[in-house]
Amino acid sequence: MAFTCVFRCFPCDPSCGSASWAAPEFTPHSAAPMVKMTRSKTFQAYLPSCHRTYSCIHCRAHLANHDELISKSFQGSQGRAYLFNSVVNVGCGPAEERVLLTGLHAVADIYCENCKTTLGWKYEHAFESSQKYKEGKYIIELAHMIKDNGWD
């Protein structure tokens, strides 16, 4: 799984300029005055603030970077859904076989690690060869996510 360190940002673009919770002003070796952190919740991972991201609509935990989006043309159990290469701050339930619109798949429900809301599922195995590209990918339903950072 692709997890980002909680305390440090690793931008994918050198010109990103993203600051993280472990910016120099927060490290104990700095002579800068203490700054009170304003975030009220601690998530497992924070995505760089310079990139467009998707977050949990219920608790605002980061879920995915827009660069990880594969397709907007999916159907979840509660409506439209997006397919992602990788996600963060999600837990995975046990895999089970389900007959979906595109055939039989082994899928595992995914949920927000922070608020425990079921968000969608992870494709564990596709039984039809034309659907193999979905294996290891994640579906998140639009009903459970919002756009964050730079979506002007």
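This short talk walks through one antiparallel sheet in a predicted model.

Some ground rules. Residues count from 1 along each chain as its sequence is written, and side-chain values use heavy atoms, without hydrogens or water. Local features need pLDDT of at least 70, side-chain atom pairs count only at pLDDT 80 or more, and totals for chains, interfaces and linings use all residues.

Now the sheet. It is open, with 6 strands in the order 3-4-8-7-6-5, and the pairing is antiparallel. A strand here is a DSSP run of E, at least two residues, numbered from the N terminus. Two strands pair if DSSP finds at least two bridges between them. Which strands sit at the edges? Strand 3 (69-76) and strand 5 (90-100), each pairing on one side only. On average, neighbouring strands are turned by 30° against each other, direction ignored. That angle comes from axes fitted as lines to C-alpha atoms, taken between N-to-C directions on a scale from 0 to 180 degrees.

Next, strands 6 and 7. Strand 6 covers residues 103-112 and strand 7 covers 118-126; they pair antiparallel over 7 bridges. Tyr111 stands opposite Thr118 in strand 7. Their hairpin has 5 residues between the strands, and there Lys116 takes a positive phi near 65°.

Last, strand 8, residues 138-141. How many bridges join strand 7 and strand 8? There are 3, again antiparallel. Gly120 has Ile140 of strand 8 as its bridge partner. For Trp121, the partner in strand 8 is Ile139.

How values were computed:
Helices (H or I, at least four residues) and strands (E, at least two) are DSSP runs, numbered from the N terminus.
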